[in-house]
Each structure stands twice: as C-alpha cells, then as structure tokens.
Amino acid sequence: MKRILLIAIVLLFALQGNAQFLNGLGITVGATAANQKFKYHEPLSISRKSYIFGFNASVFLECLSHDNVRWVTEIQFNQKGSVDNQPGASYANRLQYLSWNNYLKFRYEMYRIIPYVLVGPRLEYTFSQGTSSPAITGPFLPLHVSGAVGGGLEFVSFTNFKFFVEGFYNPDIMPAYVAPALHINNKDFELRVGLKYEFAGRKESCNTPTYVE
C-alpha cells in the first residue's frame, strides 16, 4: 500500500510540472456488486458464488488534452467478495482492496453530453480480509492484477467543474487466492458518480456550426 501511495504522490508532482499533460483531477463514489468463482482442483469443479454488495471511492488524475483520447490514473478503495451458500448455511466473504487503476479513455464531445469508454488494468492490494467460507484456509494474495472496462457520460458545463456518471465491469486477470486445492477469482460491477475539476483553458467544443450573416 505504501508503494502505491508513493507512486501516486510522485506522479502527481511530476504531472503538475507539465500543465499541458495534466488535464484535470477529481473524485468518485459508488456502489459495488461483487461475486467470486471458486475453482476446485480435487476434484476438478467450479462453483460460482452469490453477489455481495459494498461501496467504492477513488481519486484520479486525467491526463492528455486530446479531444478524443485521454489517460486516467486513479487510486481506488473497493469492497469485493461473495456469499457462499451451502446446504444449511451461508458464509459471507468480504474483501477490501486498495488499487492503482490506469485507463485509456475514448470520448466523443457532443452538445450537452460527452459519452466515453474506459479500458485498462488495475493493480490491487488486499487491504483487509474477512472470509468465513470453510474452503478458504489462508490469506488472499497481497497483490494481484485485474482488468476493467467501462463507459460513462460527462455532462457539459461551462465552468471548470464537470459532473459524470459511469459503470465498470471488473474481472480478475489472475487469481486473487491461490491454494493447492483451490483458486478464487473476483468479479464485480461498479456504478459510480463523480466530480472532475478541469484546469483553465480546457473547454469543450459544442460541435455546432457558426453562422455569419
């Protein structure tokens, strides 16, 4: 976690030194619906668990000033896990992650809204673990990699503050839990709202013709 925070701080100061590169910064908050896939090796089988609900929050930097392509880097807190329903009992598995996320952002400016697509990797650090499934006998990996793809709408305003909503699908690229008889992969869906401060000089184009009499 300390390494992730240190990287974020160094990146922030580096970007502040290049105003053309740093486009804006902001925050998000949202809800997470997460589940897990248990892959048993003895015997070979797969068990998909039920959803558990939590919340997420992040701070981010938006870089590059190209009209259609941006880069977003963020530090996110996210709650994941699942509900393991067994005959006669249900077990809640709750995990809290701190992740460093990096996305390419493809956007299209319109008159009132700016739709966009985000895609990229996440490096996830296991912040805390509260698991009760009998099959889980040890800790989740301290670090693992997941992927994310999402879409959103930014609402055009002629101030420096921009409001947006977005959703993500976030499956693990590598297992989050590894034991000789069991591997576990996380998957979640996220709905987020956010507020971005865009630095002076970054103005949306309205994509409307100008008529001269």
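**View 1. Contacts of Y177 in the predicted model.** Leaving aside residues up to four places away in sequence, Y177 touches A135, I136, T137, G138, P139, F140, L182, H183 and I184.

**View 2. The largest nonpolar core.** Y177 belongs to this core of 10 residues. The other members are F38, L95, Y97, I136, F140, A176, A179, L182 and I184. Three elements each give two or more residues to the core: β5 (89–107), β9 (177–179) and β10 (182–198). Another core lies apart from this one. That second core has eight residues, including F60, Y116, F164 and F168.

**View 3. T137, a loop residue touched by Y177.** T137 sits in the loop between β6 (113–131) and β7. Its relative accessible area is 68%. T137 therefore counts as exposed, since the cut-off is over 50%. L182, also touched by Y177, is 45 residues from T137 in sequence. In space, the two are 9.8 Å apart, C-alpha to C-alpha.

**View 4. A nonpolar patch on the surface.** The patch covers about 910 Å². Its residues are L25, I27, V29, V59, L153, F155, F161, F163, V193, L195 and Y197. Strands β1 (22–41), β7 (143–155), β8 (161–171) and β10 each give two or more residues to the patch.

**View 5. I27, one of the patch residues.** I27 lies in strand β1. Its relative accessible area is 49%. Exposed would mean over 50% and buried under 20%, so I27 is partly exposed.

Methods
Residues are numbered from 1 along each chain as its sequence is written. This is a predicted model: local features need pLDDT of at least 70, side-chain atom pairs count only at pLDDT 80 or more; totals for chains, interfaces and linings use all residues. Side-chain values use heavy atoms; hydrogens and water are left out. A nonpolar core is a set of buried Ala, Val, Leu, Ile, Met, Phe, Trp, Tyr and Cys residues joined through side-chain atoms within 4.5 Å. Buried means under 20% relative accessible area, exposed over 50%, partly exposed in between (1.4 Å probe, protein chains only). Helices (H or I, at least four residues) and strands (E, at least two) are DSSP runs, numbered from the N terminus. Contact means heavy atoms within 4.5 Å. Patches are made of residues with over 30% relative accessible area and no salt bridge: like charges are joined within 9 Å, nonpolar side chains (Val, Leu, Ile, Met, Phe, Trp, Tyr) within 5 Å. Accessible areas come from the Shrake-Rupley method with a 1.4 Å probe; for residues, only the protein chains shown count as cover. A salt bridge is a side-chain nitrogen of Lys or Arg within 4 Å of a carboxyl oxygen of Asp or Glu.
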